[in-house]
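Here's a quick briefing to read alongside the coordinates. Have the viewer open and follow along.

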Amino acid sequence: MTSLNLFSDEESRQPIPLGPQAVLLRGYALPLLSEALTALNLVTSASPFRHMLTPGGRKMSVAVTNCGSLGWVSDSRGYRYARIDPLTNAPWPAMPYSFLRLARTAAETAGFSGFAPDACLINRYLPGARLSLHQDQDERDFSAPIVSVSLGMSATFLFGGLKRNEPARRALLQHGDVVVWGGADRLRYHGILPIKGPGHPELGEQRINFTFRKAG
Ligand code: MD3
Ligand code: FE
């Protein structure tokens, strides 16, 4: 017996390649959503979202927090990973097991077995917030992949090459989408265009992104 395909072709659950070692898993996080939102509330009640300063002294439009043993921080001294949340002066909240499992199974699906992230950066975008083109290179070891989970409002994601001047391609990241970046794609330039458009029926006028990394 063949099973019913509950998804349109456009929404097929097949991984969509974005690069030689990068895949978009549409809707991968949807079955784990209520668990993830409960865990998110626990994390943000201990370490709230805040706008960090760039080394150049500008306030980021994206608000951030972290969970896991290491958290990404930015201030006048630069970008780095830290064990202590500079806002609470306490360790970052532990990585919820549901987050860890989501990141590990998504990485596995993309061909990266044994992914053990020690850092989860949580970004919150309100309408107008953006992230300019950058590389993720504050981590110790680039051999581990990066797993990103998008929730709430959709965003236009830009992904370029290994040099800033290479042309960037675009992809719409939607509620529940997961992207895994490894190998050569790990150091691609990437960014998020200013968030706009309709609010999300469940999360309202915001986009939340979890980025799982092996930082230490
Ligand atoms: C491609 N966040 O926090 S996630 C970041 O949606 C960041 O909030 C974006 O870029 C966001 O650093 C994009 C997707 C992503 C994450 C890491 C990557 C794409 C990547 C690393 C290499 C190439
Ligand atoms: Fe990034």
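**Sheet, helices and two residues**

In this predicted model, seven strands form an open sheet in the order E1-E2-E13-E10-E15-E8-E3, and the pairing is antiparallel. Strand E1 (16-19) and strand E3 (63-67) sit at the edges with a single partner strand each, so one side of each has no neighbour in the sheet. From one strand to the next, the twist averages 20 degrees.

**Inside the sheet**

- Take strand E8 (residues 119-125) and strand E15 (residues 207-213): they pair in the antiparallel sense over seven bridges.
- To find your place in that pair, look at Leu-121, whose bridge partner in E15 is Thr-211.

**Helices on the sheet**

- Helix H1 (residues 33-46) packs on the sheet and touches E3, E8, strand E10 (146-152) and E15. The direction of H1 makes about 100 degrees with that of E3.
- Helix H2 (residues 97-109) packs on the sheet as well, touching strand E2 (22-25), E3, E8, E10, strand E13 (178-181) and E15. For H2, the angle with the direction of E10 is about 115 degrees.

**Where the two helices meet**

- H1 and H2 pack at an angle of about 130 degrees, and their axes are 9 Å apart. That angle makes H1 oblique to H2.
- The crossing of H1 past H2 is left-handed.
- On the H1 side you'll find Glu-35, Ala-36, Ala-39 and Leu-40, which meet Ser-98, Phe-99 and Arg-101 of H2.
- Sorted by class, this contact of H1 with H2 has four nonpolar, one polar and two charged residues.

**Two residues to click on**

- Is Ser-98 buried or exposed? Ser-98, which belongs to helix H2, has a relative accessible area of 16%, and because the cut-off for buried is under 20%, Ser-98 counts as buried.
- Setting aside neighbours within four places in sequence, Ser-98 is in contact with Glu-35 and Ala-39. Both of those residues are in H1.
- Now for Asn-165, which is found in the loop between strand E11 (155-159) and strand E12 (169-173). Its relative accessible area is 69%, and because exposed means over 50%, Asn-165 counts as exposed.
- How far apart are the C-alpha atoms of Asn-165 and Tyr-189? They are separated by 9.4 Å, with the two residues 24 residues apart along the chain.

Terms used: Residues numbered from 1 in each chain as written. Chains lettered and ligands numbered in written order. Predicted model: local features only at pLDDT ≥ 70, side-chain atom pairs only at ≥ 80, totals over all residues. Heavy atoms only, no water. Pairing = 2+ DSSP bridges. Helix = DSSP H or I, 4+ residues; strand = E, 2+ residues; numbered from the N terminus. Axes fitted to C-alpha atoms, helices over the stretch in contact; angles between N-to-C directions. Contact = heavy atoms within 4.5 Å. Parallel < 35°, antiparallel > 145°, perpendicular 65-115°, else oblique. Left-handed = near helix turned anticlockwise from the far one by under 90°. Nonpolar A, V, L, I, M, F, W, Y, C, P; charged D, E, K, R; others polar. Buried < 20%, exposed > 50% of the residue type's maximum accessible area, 1.4 Å probe, protein only.
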